[in-house]
Amino acid sequence: MIEIKDISFSYGKSNILKDVSFNVVAGEFVGILGKNGAGKSTLVTCLNKIRAPKKGRVLIDKHDILKMSRLETARHISYVAQKNEIHQMTVFDSVLLGRKPYIKWAVSQEDIDICDEMLEKMGLSEFKLRYIDELSGGELQKVMLARALVQQPRLLLLDEPTSNLDPKNQYEMMALVRHVTKERNISTIIVSHDINLALRYCDRFLFLKDGKAYKYGDESVVTPETIESVYGITSAIGEVKGQKTVVIG
Ligand SMILES: Nc1ncnc2c1ncn2[C@@H]1O[C@H](COP(=O)(O)OP(=O)(O)OP(=O)(O)O)[C@@H](O)[C@H]1O
């Protein structure tokens with residue numbers, strides 16, 4: 001169980017997050033939604049200790065993440081950022097970095113196998129020895145996701161990890177993340193602007209508005225009223241192929 005309790009954060013005098021609280025149980029995939037500048041990325045970086053909240057706590061199975069060592073944190077949380085820093089290294093080495101929290105003296109055969117398996121699963125095997133600065137934006141996003149998954153976290157944090165992917169890859173990546181979340185019984189939190197993609201794959205939805213957790217719950221919180229209040233646009237909700245779908249406008 002991940003417990004996020006009363007997180008508040010400010011950049012200088014500007015209060016971005018105000019007492020944001022929500023829980024994510026094991027095996028659950030949660031989508032964070034909200035308009036540009038709502039504080040979604042800021043919230044995610046408060047959950048992985050990149051930023052220190054002014055107030056509040058994050059507990060993973062009752063353990064306060066602020067009290068964890070760097071190594072312990074890396075074994076519990078992995079994170080794919082919206083913007084990635086690129087260093088000159090191969091795809092394989094870049095994914096292998098995700099195993100760093102587990103490597104004691106040298107890379108083991110198990111580490112290599114875990115990385116190879118993930119590259120295969122994500123259709124990246126052919127890129128294994130390519131340099132990551134020679135990849136397309138979408139290919140790079142897949143590599144970053146592969147790295148986060150081989151880290152085998154308890155909490156997986158993804159900040160718009162599919163924004164550069166074509167529709168087929170977006171759906172495949174979301175299906176893979178959902179599958180891994182259920183199979184490993186971990187908690188996954190994703191920031192997304194794609195309400196329909198989130199509706200299809202996430203179990204619960206957190207709408208951020210004015211720095212607060214405006215709505216949190218299952219797909220029943222995704223309503224035209226919520227969408228209008230959060231994004232200032234009208235919408236209709238229907239069903240396409242048995243799937244709840246939002247049509248904007
Ligand atoms: N380092 C910073 N210093 C000052 N203000 C910042 C900083 N980073 C973000 N902000 C501001 O904080 C607010 C929240 O930013 P954040 O990136 O968390 O929003 P977001 O919901 O993720 O937005 P988007 O959907 O556009 O990615 C914005 O108004 C942004 O301008």
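## Strand 7 and its neighbours

In strand 8 (residues 187–191), S187 is the bridge partner of L155 of strand 7. This pairing belongs to a predicted model. Strands 7 and 8 run in the parallel sense and are joined over 5 bridges. Strand 7 also pairs with strand 6 (residues 77–80), again in the parallel sense, over 4 bridges. Here L157 of strand 7 is the bridge partner of Y79.

Strand 7 spans residues 155–159, and 5 of its 5 residues are buried. L155, L157 and D159 point one way from the strand, while L156 and L158 point the other way. Both sets are buried, D159 included.

## Nonpolar core

The largest nonpolar core contains 64 residues. L157 of strand 7 is among those with the most contacts inside this core, together with I32, L43, V95, C115, M118 and A146. Helix 5 (residues 137–150) gives the most to the core, with 7 residues. In soluble globular proteins, nonpolar side chains tend to be buried together.

A146 lies within the residue range of helix 5. Leaving aside residues up to four places away in sequence, A146 touches V95, M118, L119, M122 and L124. Of these partners, V95 and M118 are also listed with the residues that have the most contacts inside the core.

## Helix 1

Helix 1 covers residues 40–47. It is largely enclosed by the rest of the structure, because 6 of its 8 residues are buried. The buried residues are K40, T42, L43, V44, C46 and L47. L43 is also one of the core residues with the most contacts. Just after the helix, K49 takes a positive phi of about 70°.

## Ligand shell

The residues around the ligand are Y11, I16, G34, N36, G37, A38, G39, K40, S41 and T42. By class, this shell divides into 3 nonpolar, 6 polar and 1 charged. Helix 1 supplies the largest share of the shell, 3 residues. K40 and T42 are in the shell, and both are among the buried residues of helix 1.

## Domain record

An unreviewed UniProt entry lists residues 2–235 as "domain: ABC transporter". Over that range the chain is 34% helix and 26% strand. The C-alpha atoms at the two ends of the range are 32 Å apart.

Key. Residues numbered from 1 in each chain as written. Predicted model: local features only at pLDDT ≥ 70, side-chain atom pairs only at ≥ 80, totals over all residues. Near = placed C-beta within 6 Å. Nonpolar A, V, L, I, M, F, W, Y, C, P; charged D, E, K, R; others polar. UniProt positions renumbered as here; feature names shortened; annotations may be inferred. Core = buried A, V, L, I, M, F, W, Y, C linked by C-beta atoms within 7 Å. Buried ≥ 20, exposed ≤ 12 C-beta atoms within 10 Å, placed from the backbone. Contact = placed C-beta atoms within 7 Å. Pairing = 2+ DSSP bridges.
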